[in-house]
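Q: I've just opened this one and want a quick tour. Show me the thing, then let's go through it piece by piece.

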Amino acid sequence: YAQAEPLYKRSLAIREKALGPDHPDVAQSLNNLALLYRAQGQYAQAEPLYKRSLAIREKALGPDHPDVAQSLNNLAALYKTQGQYAQAEPLYKRSLAIWEKALGPDHPDVATSLNNLAELYRAQGQYAQAEPLYKRSLAIWEKALGPDHPDVATALNNLADSYRAQGQYAQAEPLYKRSL
């Protein structure tokens, strides 16, 4: 992290100078730096970068562009990590709607958004809301990527974790075995 931070900052400065502060490539550099801070638990430093990235992308690319969905998802993940579920949920939902509209309902990026929203619900103990999202993401990933893809294992494991948290061990066990 210590080696990466100055490089990300330099990349950001170069892009801002060469392209201007409101260019979509600047938004990507902001996202990269924010991801670095989030990975280190430096949430207060990450949040304004994610917000600025989102604002740039919305203005430059339009509110329904897939890059906007990426920024929404990243900001939502930051809020979820901090337990700010009420702030995360509408961002995850908006990200999902953008992906579905831009890529169609059966795209792997849609499955990622579904899984993220399901994880948010599971973190809050809202298992009835999480389960259909997990199942839909699993179906999309299996169809698009094949049954042995790591994303399929992630979906299986997450759904199994949800069942286990509810004490539904008989439903969880075969999913864990498939995941392995």
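**Around H4**

Q: Which residue takes a positive phi just after H4?
A: That's Gly83, with a phi of about 80°. Helices here are DSSP runs of H or I with at least four residues, strands are E runs of at least two, and both are numbered from the N terminus.

Q: Before I trust that angle, what sort of model is this?
A: A predicted one: local features need pLDDT of at least 70, side-chain atom pairs count only at pLDDT 80 or more, and totals for chains, interfaces and linings use all residues. Residues are numbered from 1 along each chain as its sequence is written, and side-chain values use heavy atoms, leaving out hydrogens and water.

Q: OK, back to H4. How far apart are its end C-alpha atoms?
A: They are 22 Å apart, and that agrees with the 22 Å its 16 residues (66-81) should span at 1.5 Å a residue. The expected span is 1.5 Å times one less than the number of residues.

Q: Which residues of H4 are buried?
A: Quite a list, including Val68, Leu72, Asn73, Asn74, Leu75 and Tyr79. Buried is under 20% relative accessible area, exposed is over 50%, and partly exposed is in between, with a 1.4 Å probe and protein chains only.

Q: And what do they pack against?
A: The buried residues of H4 pack against H2 (24-39), H3 (43-61), H5 (85-103) and H6.

Q: There's an Asn in that list. Why does Asn73 count as buried?
A: Because its relative accessibility is 16%. Skipping neighbours within four places in sequence, Asn73 is in contact (heavy atoms within 4.5 Å) with Tyr92, Ser95 and Asn116.

Q: What about Asn116, buried or exposed?
A: Buried, at 17% relative accessible area. Asn116 is in helix H6, and beyond residues up to four places away it touches Asn73 and Tyr92.

Q: Switching to H7: how long is that one?
A: H7 has 19 residues (127-145) and reaches 26 Å from first C-alpha to last, close to the 27 Å expected at 1.5 Å a residue. Gly146 follows H7, with a positive phi near 95°.

Q: Which H7 residues are buried, and against what do they pack?
A: Ala130, Leu133, Tyr134, Ser137, Leu138, Ile140 and Trp141 are buried. They pack against helix H6 (108-123) and helix H8 (150-165). For the spacing, keep in mind that an α-helix has 3.6 residues a turn, so residues three or four places apart point the same way.

Q: What does Asn158 touch?
A: Asn115, Glu119, Arg122 and Tyr134, leaving aside neighbours within four places. Asn158 lies in H8 and counts as buried at 8% relative accessibility.

Q: Now zoom out. How many helices and strands does the chain have?
A: There are 9 helices and 0 strands, and 40% of the 180 residues count as buried. Of the contacts with a separation of 6 or more, 54% are between residues 24 or more positions apart.

Q: What's the radius of gyration?
A: It's 18 Å, which agrees with the value near 16 Å for a compact globule of 180 residues. That radius is taken over C-alpha atoms, and the globule rule is 2.2 Å times the number of residues to the power 0.38. Along its principal axes, the C-alpha trace spans about 60 × 35 × 30 Å.
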